Amino acid sequence: MPRIDSHQESNRSQLMSNCLFCGIIEGKVKADVVYRDENVIAFKDILPRAPVHILIIPIAHIPMLSDLTLSDGSVVGAIFGVAAKLAEQFGIVDSGYRIVVNCGADAGQTVFHLHYHLLGGRQMGWPPG
Ligand code: 5GP
Ligand code: ZN
């Protein structure tokens, strides 16, 4: 059985005062919020890399993809459900879209509150840079 770190667990259950995205969740940092429920919030990226660029994040402060555990299945599922709904709402279902999660230094993660980039509205390159 994997051990659960109690500090990590308490981080997850509360908003982090020094976290930018927790600040958005709390309403202390302004953002263009396009979706919110009890587990997930989505808002437009401040520096959009595509005509549609939305960040979808868990309300719980989970720092990065590698912090997810099997018990996070429902919130991750909810994030993908929200992504599908927003793709429909923002008119990128037929043209196609991409969901990106940067995890750690090599991937270029800059904000350490797990976030899923929903990108669409232009042709994307492959492989990603
Ligand atoms: P990362 O590089 O960690 O994968 O993605 C972080 C994203 O957060 C970037 O795309 C960046 O533009 C976005 N971002 C950084 N600060 C803010 C902010 O204050 N508000 C919003 N809406 N997005 C932000
Ligand atoms: Zn946070």
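This report describes the fold, sheet, core and ligand surroundings of a predicted model.

**Overall fold**

The protein contains 3 helices and 5 strands. Along the sequence these elements follow the pattern α-α-β-β-β-α-β-β. Of the 129 residues, 20% count as buried. Among contacts with a separation of 6 or more, 57% are between residues 24 or more positions apart.

**The sheet**

The 5 strands form an open sheet in the order β1-β2-β3-β5-β4, and the pairing is antiparallel. The edges are β1 (33-36) and β4 (97-100), each of which pairs on one side only. From one strand to the next, the twist averages 20 degrees. As a general point, strands of a sheet pair through backbone hydrogen bonds, either parallel or antiparallel.

β1 and β2 are joined by a hairpin through 3 residues. The two strands run antiparallel, with 3 bridges between β1 and β2 (residues 40-44). Within this pair, V33 stands opposite F43 of β2, and R36 has I41 of β2 as its bridge partner.

On the other side of the pairing, β2 meets β3 (residues 52-58) in the antiparallel sense over 5 bridges. I41 takes part here too, with I57 of β3 as its bridge partner. I41 is thus a partner of R36 and of I57. As for cover, β2 is mostly covered, with 4 of its 5 residues buried.

**The nonpolar core**

The largest nonpolar core holds 21 residues, and those with the most contacts inside it are A42, I54, I56, A83 and L118. Two or more residues each come from α2 (20-26), β2, β3, α3 (73-89) and β5 (116-120). The element that gives the most is β3, with 5 residues. In soluble globular proteins, nonpolar side chains tend to be buried together.

A83 can be taken as an example from this core. Leaving aside neighbours within four places in sequence, A83 is in contact with I56, I99, Y116 and L118. Of these partners, I56 and L118 are themselves listed among the core residues with the most contacts.

**Ligand 1**

There are 14 residues around ligand 1, and I46, L47, N102, T110 and V111 come nearest. By class, the shell divides into 8 nonpolar, 4 polar and 2 charged residues.

V111, one of the nearest residues to the ligand, lies in the loop between β4 and β5. Across the sequence, V111 and P63 are 48 residues apart, yet their C-alpha atoms are 8.3 Å apart in space.

**Two loop valines**

V111 can be set beside V29, which is found in the loop between α2 and β1. The table gives the neighbour count and the contacts of each valine; the contacts leave out residues up to four places away in sequence.

| Residue | Other C-beta atoms within 10 Å | Contacts |
|---|---|---|
| V29 | 14 C-beta atoms | L20, G23 and I24 |
| V111 | 14 C-beta atoms | L20 and F21 |

Why does V29 count as partly exposed? V29 has 14 C-beta neighbours inside 10 Å, and a residue is buried at 20 or more and exposed at 12 or fewer, so V29 falls in between. V111 is also partly exposed, because 14 other C-beta atoms lie within 10 Å. L20 is touched by V29 and by V111.

**A cis peptide bond**

Beyond the sheet, P127 lies in the segment after β5. W126 and P127 are joined by a cis peptide bond, with omega about 0 degrees. In general, most peptide bonds are trans.

Note on methods: Residues are numbered from 1 along each chain as its sequence is written. Chains are lettered from A and ligands numbered from 1 in the order in which they are written. This is a predicted model: local features need pLDDT of at least 70, side-chain atom pairs count only at pLDDT 80 or more; totals for chains, interfaces and linings use all residues. A residue is near a molecule or strand if its C-beta atom, placed from the backbone, lies within 6 Å of it. Ala, Val, Leu, Ile, Met, Phe, Trp, Tyr, Cys and Pro count as nonpolar, Asp, Glu, Lys and Arg as charged, and the others, Gly among them, as polar. Two strands pair if DSSP finds at least two bridges between them. Axes are lines fitted to C-alpha atoms, for helices over the stretch in contact, and angles run from 0 to 180 degrees between N-to-C directions. A nonpolar core is a set of buried Ala, Val, Leu, Ile, Met, Phe, Trp, Tyr and Cys residues joined through C-beta atoms within 7 Å. Two residues are in contact if their C-beta atoms, placed from the backbone, lie within 7 Å.
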